[in-house]
Every structure is written in structure tokens, then in C-alpha cells.
Amino acid sequence: MGFSRGIMELPLLSFIFLCMLFVAPSCSRYYTPPSVPRLTDLVPRVSTDQCFAKIFGASNIQLRNNGSSVDLTLDKVSGAGLVSRNKYHYGFFSASIKLPSGLTSGVVVAFYLSNADVYPHSHDEIDIELLGHDKRKDWVIQTNIYANGSVKTGREEKFYLWFDPSLKYHDYTIIWNNYHTVFLVDNVPVRELRNSEVFYPSKPMSVFVTIWDGSEWATHGGKYPVDYKHAPYTASFEEMEINGGILTPKATVPSSSKANVSGPDTAEGPEFIKLSQQQVDAMDWARRKLMFYSYCKDTSRYKVLPPECK
């Protein structure tokens with residue numbers, strides 16, 4: 001009470017200094033993002049219950065709202081995970097997620113595409129991984145891409161978020177088509193990889209939604225593991241959006257052909273195949289203000305940088 005009353009009596013500059021002292025860097029990273037087109041308004045929502053199946057931690061999966069939403073929980077016994085009932089050759093994939101609050105070091109909440117179940121030695125993967133932190137509000141988003149089993153070449157980029165992701169739902173989105181792969185947060189692009197012959201995911205993938213214990217690496221390289229005295233940790237998902245080319249059940253795996261792919265082509269419409277100048281400017285803003293790690297700048301890790309970094 002006395003501390004808060006004293007704060008009210010301080011001049012503005014003193015208050016700003018205390019903000020920096022006690023809660024920085026969080027308060028300095030909460031920005032108003034640039035205005036961007038709301039691509040999530042263009043894609044229909046899907047039922048979680050109808051589009052996904054449980055893959056682990058069934059007792060920690062709680063469907064809500066007649067199966068349209070789901071809570072995934074990590075506790076001492078298990079994490080939890082879902083996998084899409086279909087595999088996709090390209091598409092628009094989005095989930096509105098509310099992350100656990102409090103101390104969340106070591107916790108990983110992931111929304112990603114993968115075909116490691118079919119191609120264990122040459123799989124593709126497109127990752128959004130939300131990493132808990134040793135501070136109460138500082139979740140980190142890590143993006144990563146593997147193509148044709150290139151798991152020895154991690155292509156991670158890490159960003160701070162410009163909001164507290166535990167207060168309300170925010171949209172996390174992957175666009176993957178023949179033109180580019182884009183990662184977006186609340187419709188703001190944060191990373192784009194254009195299609196090239198050198199490196200690009202090309203085989204059909206499933207969608208995964210998981211929460212799990214990443215104590216060995218997630219927070220400061222494993223310095224801060226999950227502290228289960230703060231468990232359980234629950235991530236809530238709603239407004240799932242999936243639209244793209246579905247691999248038909250009887251089809252063999254296509255290479256570049258779409259002969260065995262069905263489904264609407266919304267994800268390859270004009271709004272999805274190329275970023276507008278407004279989106280490019282927003283992506284530059286996010287990368288300039290919030291990106292704190294890129295594999296393309298990690299010369300201690302890669303003596304010769306991967307070719308796309310050039």
C-alpha cells in the first residue's frame with residue numbers, strides 16, 4: 001500500500017525509471033503494431049473436435065464450446081497434443097491461443113506442421129513454438145523450418161511479443177504455399193521464406209497442436225526448467241482456421257503435382273501468395289523491434305551460413 005501510494009506521488013520521469021527498474025524489459029516492448037490486412041477474417045473456422053484427433057495426454061485435453069475450442073494442460077504426469085485428421089499439401093493454418101500465466105520457464109506451446117511420422121529421415125516441418133520465460137510476462141515466439149530432413153541445420157528465429165499473451169487470445173498463423181511460407185502474429189508478418197530450389201518444404205504435412213516440457217532447451221538454453229510447483233499450465237485454443245489442399249486418402253504422395261490434392265484454393269488466392277507493401281513494412285517493424293535471434297547472424301554456430309542467408 002505504501003509503495004503504491006508513493007508511486008502516485010512521484011514525478012513522471014521517476015515513474016518511468018521505476019518501470020524500467022522493476023519490470024523492464026517487458027514494459028519497453030509493449031508496442032502498438034502497424035495496421036495490416038486481417039487475413040484471418042478471410043478463412044473459415046473449423047471445429048477442433050472434427051478436424052483433430054488426440055495423440056498424447058488424453059486426460060489433459062478438455063474440449064469446450066461443443067468441440068470448437070480446446071484446453072491443453074501440462075502437469076507432472078504429461079503434456080498434451082492433437083494432430084489433424086487430414087494431411088495438407090499447402091494451406092493457411094491459424095489458431096487463436098491464450099497462453100498460461102505466471103512463471104512458465106521450460107513450457108513449450110507449439111502450433112506446427114510436420115510429416116516426421118511418414119518421413120522419419122527426410123521430414124519437413126514448419127514450427128511456431130511459444131516458449132515460456134523466467135519472467136512472468138515474457139513469452140518468446142520461435143519460428144523454424146526444416147525441409148527434406150535438414151534437421152541438422154536449425155533455421156530458428158526468435159522474437160519477443162508486443163503484448164502479454166496470457167491476458168487474452170492472440171492469433172498465430174502459418175501460410176505455406178508454392179510461393180512462400182509466412183509466419184504471422186495477430187496478422188502481422190514476422191518472417192517470410194520464399195520458395196526456392198535450395199530449401200523449401202514440399203511434402204504433405206499434418207497440423208499439430210501441443211503443450212510439453214521443454215526444460216532441456218526452451219528457456220535460456222535450459223537454464224530455467226519447468227517448476228511444477230506452479231503447475232498445471234493450461235494453453236487455451238479457439239478459432240482454429242485451416243484452409244488448403246487436402247491430400248486424398250488413397251493418393252500416393254505427390255512431388256510437385258497437385259493431382260492428388262483436393263480442397264479449396266483460398267490459401268493460394270492473391271492475398272496469400274505475396275505480401276503487400278503494407279505487410280512488408282509491418283514485417284520490417286517486427287523484425288527491427290522484436291527479433292533478438294536469427295540463425296543467419298549466428299556465425300559462431302555456422303562458419304558458413306546457409307545459402308538462403310545470402
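A residue is called buried when its relative accessible area is under 20%, exposed when it is over 50%, and partly exposed in between. The exercises below apply this scale to a predicted model.

**Exercise 1.** Determine whether E129 is buried or exposed, and describe its surroundings.

*Solution.* Step 1: E129 is found in strand β7. Step 2: its relative accessible area is 11%, so E129 is buried. Step 3: setting aside residues up to four places away in sequence, E129 touches V108, V109, A110, V140, I141, Q142, W212 and W217. Step 4: the UniProt record, an unreviewed entry, lists E129 together with E125 under "active site".

**Exercise 2.** Carry out the corresponding analysis for E125, and identify a side chain with which its own side chain makes a polar contact.

*Solution.* Step 1: E125 lies in strand β7, which comprises residues 125-131. Step 2: the relative accessible area of E125 is 13%, and E125 is therefore buried. Step 3: apart from neighbours within four places in sequence, E125 is in contact with Y112, L113, S114, N144, I145, Y146 and M205. Step 4: with S114 there is a polar contact between side chains, at 3.5 Å.

**Exercise 3.** State which cysteines the disulfide joins, and establish which parts of the chain the pair ties together.

*Solution.* Step 1: the structure holds one disulfide. Step 2: this bond joins C296 to C309, with an S to S distance of 2.0 Å. Step 3: the angle about the S-S bond is -80°, and the link of C296 and C309 is left-handed. Step 4: both C296 and C309 lie in the segment after β16, so the pair ties together parts that are 13 residues apart in sequence. Step 5: C296 has a relative accessible area of 22% and is therefore partly exposed. C309, at 21% relative accessibility, also counts as partly exposed.

**Exercise 4.** Decide whether D298 is paired or unpaired in a salt bridge, and find the polar contacts of its side chain.

*Solution.* Step 1: D298 is located in the segment after β16, a strand of residues 291-294. Step 2: D298 is buried, and the nearest side chain of opposite charge, that of R301, is 4.7 Å away. Step 3: a salt bridge requires a distance within 4 Å; D298 has no salt bridge. Step 4: the side chain of D298 does make a polar contact of 2.7 Å with the side chain of Y293. A further polar contact, of 2.8 Å, joins the side chains of D298 and S300. Step 5: beyond neighbours within four places in sequence, D298 is in contact with Y293 and L305.

Notes. Residues numbered from 1 in each chain as written. Predicted model: local features only at pLDDT ≥ 70, side-chain atom pairs only at ≥ 80, totals over all residues. Heavy atoms only, no water. Helix = DSSP H or I, 4+ residues; strand = E, 2+ residues; numbered from the N terminus. Buried < 20%, exposed > 50% of the residue type's maximum accessible area, 1.4 Å probe, protein only. Lys, Arg positive; Asp, Glu negative; His and termini not counted. Polar contact = N/O pair within 3.5 Å; in protein donor to acceptor, adjacent residues only side chain to side chain. Contact = heavy atoms within 4.5 Å. UniProt positions renumbered as here; feature names shortened; annotations may be inferred. Disulfide = S-S within 2.5 Å.
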